[in-house]
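I opened a new page for this structure. My entries below follow the order in which I looked things up.

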Amino acid sequence: MSWISMILVTPAQRGQGLGRAVFASCLAQVLAEDRVPMLDATPQGEALYAQFGFEPQWRFTRWRRAQHGAAPGATHQALPLADGIEPLLRLDAQALGFERAALLRGLAGREGAVCLRLGGATALLRPGRTATHIGPLHASNEAEGAALLDTIAAALPGALVIDVPQGRTHMAASLQAAGFTPERAFARMVRSAGRALAPARTAIVQAVAGPEYA
């Protein structure tokens, strides 16, 4: 597998085919290495990637919560810190059908990042420039994932971002109750060209690592 992401063109240079040319070059390199290319597409980009043979697997939505002001005298719950990242790595490999320990260990090693665990749910939390990102968040069932999300939202008053697969009713209810609003949709796409892909268990995925990661 190879992930193609974050191809950006400055506004003044758009409409000249630059993004398409960069993407075509990236795709050619991935195919030359005999890898299966994947990406997360915005609604605007999905039609373009379809022209290159990509097909949507499933869809997710980015949700955002602005910084919450704490009520006078309010106390916040403690984050349920995990003993290690191994449970997250195991669930991640089951969910996607391939392992990406190096990527997740790299994210977990960033300053301020923490791995959380509550019951059968586990997640990675990492601070960003404008918000703290929740994900990946994996759980054996959606209710446990929503319970961990509730705990995180109650513990952190700051701005939060999370990317949740569409159709997760428990997660959506928790997000709305915690003050999140949907921001934009994405389609996870793959160009398999008839190749058999490793079996995945996407029901485990309650939130992805982000559209910039596999």
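Before starting, I wrote down one cut-off: a residue is buried when its relative accessible area is under 20%, exposed when it is over 50%, and partly exposed in between. The model I am reading is a predicted one.

**Entry 1, Arg126 and its partner.** I began with Arg126, whose relative accessible area is 6%, so it counts as buried. I then looked for a charged partner and found Glu212; the two side chains meet in a salt bridge, 3.5 Å from N to O. This pair joins distant parts of the chain, with Arg126 in strand 5, Glu212 in the segment after strand 9 (205–207), and their positions 86 residues apart. Is Glu212 buried or partly exposed? Glu212 has 25% relative accessibility, so I put it down as partly exposed.

**Entry 2, other salt bridges.** How many salt bridges does the structure hold? I noted 8. One of them joins Asp40 and Arg188, at 2.8 Å from N to O. Asp40 sits in strand 2 (residues 37–41) and Arg188 in strand 8 (residues 181–190), so I marked this as a link between distant parts of the chain, 148 residues apart. Both Asp40 and Arg188 are buried. I also looked up Arg100, which forms a salt bridge with Asp92, the closest N and O atoms being 2.6 Å apart. Arg100 has a relative accessible area of 10%, so it is buried. Asp92 is buried as well, at 1%.

**Entry 3, helix 3.** Asp92 led me to helix 3 (residues 86–96), where the buried residues are Pro87, Leu88, Leu89, Leu91, Asp92, Ala95 and Leu96. What covers them? I listed helix 4 (101–108), strand 4 (114–118), strand 5, strand 6, strand 8 and strand 9 as part of the cover. After helix 3 comes Gly97, and its phi is positive, near 90 degrees.

**Entry 4, nonpolar cores.** I next looked up the largest nonpolar core, which has 23 residues. Ile134, Ile162 and Phe180 have the most contacts inside it. Strand 5 (121–127), strand 6 (132–139), helix 5 (142–155), strand 7 (160–165) and helix 6 (169–177) each supply at least two of its residues. Helix 5 gives the most, with 5 residues. I followed Phe180 further: leaving aside neighbours within four places in sequence, Phe180 is in contact with Trp63, Arg64, Arg65, Ala153, Leu160, Ile162 and Leu175. Apart from this core I found another, of 11 residues, including Leu27, Leu39, Tyr49 and Phe52.

**Entry 5, cysteines.** I searched for disulfides and recorded 0. I checked two cysteines for exposure. Cys26 is partly exposed, with a relative accessible area of 29%. Cys115 is buried, at 13%.

**Entry 6, the largest pocket.** My last search was for open space. The largest pocket holds about 1100 Å³. Which residues are closest to its centre? Of the 42 lining residues, I noted Met6, Ile7, Leu8, Arg184 and Phe186. Helix 1 (18–32), strand 2, helix 2 (43–51), strand 3 (55–65), strand 5, strand 6 and strand 8 each supply at least two residues of the lining.

Definitions and conventions:
Residues are numbered from 1 along each chain as its sequence is written. This is a predicted model: local features need pLDDT of at least 70, side-chain atom pairs count only at pLDDT 80 or more; totals for chains, interfaces and linings use all residues. Side-chain values use heavy atoms; hydrogens and water are left out. A nonpolar core is a set of buried Ala, Val, Leu, Ile, Met, Phe, Trp, Tyr and Cys residues joined through side-chain atoms within 4.5 Å. Buried means under 20% relative accessible area, exposed over 50%, partly exposed in between (1.4 Å probe, protein chains only). Helices (H or I, at least four residues) and strands (E, at least two) are DSSP runs, numbered from the N terminus. Contact means heavy atoms within 4.5 Å. A salt bridge is a side-chain nitrogen of Lys or Arg within 4 Å of a carboxyl oxygen of Asp or Glu. A disulfide is a pair of cysteine sulfur atoms within 2.5 Å. On a 1 Å grid over the protein atoms alone, a cavity is a set of points where a 1.4 Å probe fits but cannot get out, and a pocket is an open set with protein on both sides within 12 Å along at least five of seven lines; lining residues have an atom within 4 Å of a point. Grid points are joined across faces, edges and corners, and a volume is the space filled by probe spheres set on the points.
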